[in-house]
Amino acid sequence: MARRIDVTGAGGVRLAAWEFGDPPKTDPENRAPGVLLLHGLMGRASHWASTARWLSERYRAVALDQRGHGRSDKPPRAAFTRDAYVEDAEAALEQLDLAPVVLIGHAMGALTAWQLAARRPDLVRGVIICDMRASALGAASQREWGEWFKAWPVPFATLADVRKWFGEDDPWVERPNPARGEFYAEVMAESPDGWRPVFEPEQMLSSRETWVYDAHWEELTQVRCPALVVRGLDGELGRAEAQEMVRVLPRGEYAEVADAGHLVHYDQPEAWRAAIEPFLDALDNQSATPDD
């Protein structure tokens, strides 16, 4: 089951939101709590399908194709700014009636999640930050990404070629990683000359440019709800920085997943679920406890 719901984002951009499982049956006075899942740069909502189905046993779990990604619009003149991504997520929460929500974000989606939680604490009751750094990455990082996009051997003849290149042949791959190959196969679409990404690389670089030069510690200090920082042991977020993020967050917690890289929820789905479940349980118990 994959049910699409259209959402109107900032500037009128049409966004596709997805439910991958039926929420639990509840009476109208006691609706299931909401979860919004936000993918990373180049990702799409379907990357969250397994997590969303698991979550749907107890939540109304919705994953959003963010602007420029998946089935959402990719207007050539649209804004690909931090504010636009945050405003899109805010619009999705309000139009889908998910608040107060738990935001779960991977990479760029995690940055969007904590920026929205800082901006609109009334909409957010918890945040899960998966493998996203708060420090500035700088101009060298942006140049490396530009060169990396140019190295892609597009169009790919088959999806098997996509899986092999991103899972084995990509110079950024240190050792074979089938999960990485599957991750990128999910963002390819067949065209007359072969398989190409469903996004425009230039839009991805434009999106990335709006955060790589800045540090994002100040927004973390403004996140008042409980927040869980999750890292893969072989991911992009180092342990020292992750623990500093936890220290800066007013109600921060820490978890790590062994044998996982940047794509934590793809590399080790069961361990990922085990890492976030205690945090979700504590949030739900807190919500169920009546105020004194």
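Axes are lines fitted to C-alpha atoms, for helices over the stretch in contact, and angles run from 0 to 180 degrees between N-to-C directions. Helices (H or I, at least four residues) and strands (E, at least two) are DSSP runs, numbered from the N terminus. This is a predicted model, where local features need pLDDT of at least 70, side-chain atom pairs count only at pLDDT 80 or more, and totals for chains, interfaces and linings use all residues. Residues are numbered from 1 along each chain as its sequence is written, and side-chain values use heavy atoms, with hydrogens and water left out.

**Exercise 1. Describe how helix 4 and helix 7 are arranged, and list the residues that meet.**

Step 1. Find helix 4 at residues 138–151 and helix 7 at residues 201–209; their axes come within 11 Å and cross at roughly 170 degrees.

Step 2. Put the angle into a class: under 35 degrees is roughly parallel, over 145 roughly antiparallel, 65 to 115 roughly perpendicular, and the rest oblique. Helix 4 and helix 7 are therefore roughly antiparallel to each other.

Step 3. Look for contacts, that is, heavy atoms within 4.5 Å. Helix 4 brings S141, Q142, W145, G146 and F149, while helix 7 brings P201, M204, L205, R208 and E209.

Step 4. Sort these residues: Ala, Val, Leu, Ile, Met, Phe, Trp, Tyr, Cys and Pro count as nonpolar, Asp, Glu, Lys and Arg as charged, and the others, Gly among them, as polar. The contact of helix 4 with helix 7 has five nonpolar, three polar and two charged residues.

**Exercise 2. Work out how many disulfides the model has.**

Step 1. Start with the rule: a disulfide is a pair of cysteine sulfur atoms within 2.5 Å.

Step 2. Check C130: its closest cysteine sulfur is in C225, 17 Å away, so the two are too far apart for a bond. C225 is in no disulfide either.

Step 3. The count by this rule is zero disulfides.

Step 4. Now add accessibility, where buried means under 20% relative accessible area, exposed over 50%, and partly exposed in between (1.4 Å probe, protein chains only). C130 is buried, at 0%, and C225 is buried too, at 10%.

**Exercise 3. Trace the open sheet, then find helices that pack on it.**

Step 1. Recall that strands of a sheet pair through backbone hydrogen bonds, either parallel or antiparallel. Here two strands pair if DSSP finds at least two bridges between them.

Step 2. Read the eight strands in the order 1-2-4-3-5-6-9-10, with mixed pairing. Strand 1 (3–8) and strand 10 (252–257) are the edges, each pairing on one side only. From one strand to the next, the twist averages 25 degrees.

Step 3. Zoom in on strand 2 (residues 14–19) and strand 4 (residues 60–65), an antiparallel pair with three bridges. A17 stands opposite L64 in strand 4.

Step 4. Add helix 9 (residues 239–248), which packs on the sheet and touches strand 6 (124–130), strand 9 (227–232) and strand 10. The direction of helix 9 makes about 155 degrees with that of strand 10.

Step 5. Finish with helix 11 (residues 269–288), which touches strand 5 (101–106), strand 6, strand 9 and strand 10. The direction of helix 11 makes about 165 degrees with that of strand 6.

**Exercise 4. Decide whether A91 and A258 are buried, partly exposed or exposed.**

Step 1. Locate A91 in helix 2 (residues 82–96). At 13% relative accessibility, A91 is buried. Beyond its neighbours within four places in sequence, A91 is in contact with V7, T8 and G9.

Step 2. Locate A258 in the loop between strand 10 and helix 10 (264–267). A258 has a relative accessible area of 42% and is partly exposed. Not counting residues up to four places away in sequence, A258 touches L233 and Q268.
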